[in-house]
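Visitor: Please give me a close look at one part of this model, the ligand and its surroundings. Take in the rest of the chain afterwards, as far as it helps.

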Amino acid sequence: MDIKLVILVHVLGATIWTGGHLVLALGVLPDALRRRDPSSVAAFEARFERLGIPALLVQIASGLWLAHRYLPDPARWFAFDSSLAAHIGAKLILLALTLALAVHARVRLVPRLGPENLNTLAYHIIAVTVLAVLLVVMGVGIRAGGWI
Ligand code: HEM
């Protein structure tokens with residue numbers, strides 16, 4: 001497959017996943033917290049899910065493809081023995097944290113959403129958004145010379 005196409009798909013997926021979470025965290029959540037009413041968050045999530053989950057799956061597939069292209073031996077993805085390996089390892093740790101939070105939210109939080117667990121939901125949204133931004137930061141670092 002053409003690497004340019006894979007990077008393009010990866011960056012488009014990032015705009016949806018990270019952009020959607022920034023809109024949720026900065027555009028929808030503050031108002032829900034002020035009104036102590038999670039319904040606007042629930043409505044946004046119900047709509048965003050249909051785009052966001054496929055986007056995350058695309059990120060995982062295209063990200064693993066790119067990682068394999070740059071470092072063909074997956075053992076090196078966790079070796080942290082070069083700047084490139086460190087960025088890929090960091091991205092995989094950020095992805096694992098994202099998946100753990102997403103599963104927890106889906107199984108525990110979203111089914112019984114109400115004013116009483118709004119704060120927990122808010123911490124979740126903020127954490128997933130910070131992780132999403134860090135995935136972009138680490139991704140850009142790979143091409144731009146490396147943060148670490
Ligand atoms: C929601 C999850 C993710 C987001 C938002 C994201 C975002 C990004 C962004 C914005 C870039 C910069 C592209 C560029 O400068 O060309 C990038 C690059 C990259 N990402 Fe991800 N990424 C995600 C998941 C992953 C995963 C799971 C991996 C697997 C290790 C991965 C591996 C890479 C690699 C190897 C690059 C370098 C591509 C290149 O610049 O040639 N990403 N990512």
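Guide: A residue is called buried under 20% relative accessible area, exposed over 50% and partly exposed in between, with a 1.4 Å probe and the protein chains only. The model is predicted: local features need pLDDT of at least 70, side-chain atom pairs count only at pLDDT 80 or more, and totals for chains, interfaces and linings use all residues. Residues are numbered from 1 along each chain as its sequence is written, and side-chain values use heavy atoms, without hydrogens and water.

The frame comes before the ligand. The chain has four helices and zero strands (DSSP runs numbered from the N terminus, H or I of at least four residues for helices, E of at least two for strands). From the N terminus, the order of the elements is α-α-α-α. Along its principal axes, the C-alpha trace spans about 50 × 25 × 25 Å. There are 148 residues in the chain, and 35% of them count as buried.

Now to the ligand. It is surrounded by 23 residues (a heavy atom within 4 Å of it), and the closest are His 10, Trp 17, Tyr 70, Lys 91 and Arg 143. Three of the polar approaches are given here (pairs of N or O atoms within 3.5 Å; within protein, one must be able to donate a hydrogen and the other to accept it, and residues adjacent in sequence count only if both atoms are side-chain atoms). The side chain of His 10 places an N or O atom 2.8 Å from a nitrogen atom of the ligand. For Arg 143, a polar side-chain atom lies 2.4 Å from a ligand oxygen. In the side chain of Tyr 70, an N or O atom is 2.3 Å from an oxygen atom of the ligand. Two or more residues of the shell come from each of α1 (3-35), α2 (39-70), α3 (83-109) and α4 (118-143). Helix α2 provides the largest share of that shell, seven residues. By class, the shell holds 16 nonpolar, five polar and two charged residues (nonpolar: Ala, Val, Leu, Ile, Met, Phe, Trp, Tyr, Cys and Pro; charged: Asp, Glu, Lys and Arg; polar: the others, Gly among them).

The ligand takes up the space of the largest pocket (more than half of its atoms lie within 2 Å of the grid points). A pocket is an open set of points on a 1 Å grid over the protein atoms alone, where a 1.4 Å probe fits, with protein on both sides within 12 Å along at least five of seven lines; lining residues have an atom within 4 Å of a point. The largest pocket encloses about 670 Å³ (the space filled by probe spheres set on the points, which are joined across faces, edges and corners). It is lined by 26 residues, and His 10, Leu 66, Lys 91, Leu 135 and Gly 139 are the closest to its centre. Helices α1, α2, α3 and α4 each give two or more residues to this lining. The most come from α2, with eight. The lining divides into 18 nonpolar, six polar and two charged residues.

The second largest pocket has a volume of about 470 Å³. Of its 22 lining residues, Trp 17, His 21, Glu 49, Ile 53 and Ala 102 lie nearest the centre. At least two residues of this lining come from each of α1, α2, α3 and α4, and α2 again gives the most, eight. Here the classes are 16 nonpolar, three polar and three charged residues.

Some single residues of the helices and loops complete the picture. Thr 15 belongs to helix α1 and counts as partly exposed because its relative accessible area is 47%. A polar atom of the Thr 15 side chain is 2.5 Å from the backbone oxygen of Leu 12. Thr 15 and Ala 55 are 40 residues apart in sequence, with their C-alpha atoms 9.0 Å apart. His 87, in helix α3, counts as buried because its relative accessibility is 1%. Its side chain reaches the backbone oxygen of Ser 83 at 2.7 Å.

Most residues other than glycine have a negative phi. Arg 36, in the loop between α1 and α2, has a positive phi of about 50° and is partly exposed at 39% relative accessibility. Phe 80, in the loop between α2 and α3, likewise has a positive phi of about 50°, and its relative accessible area of 42% makes it partly exposed.
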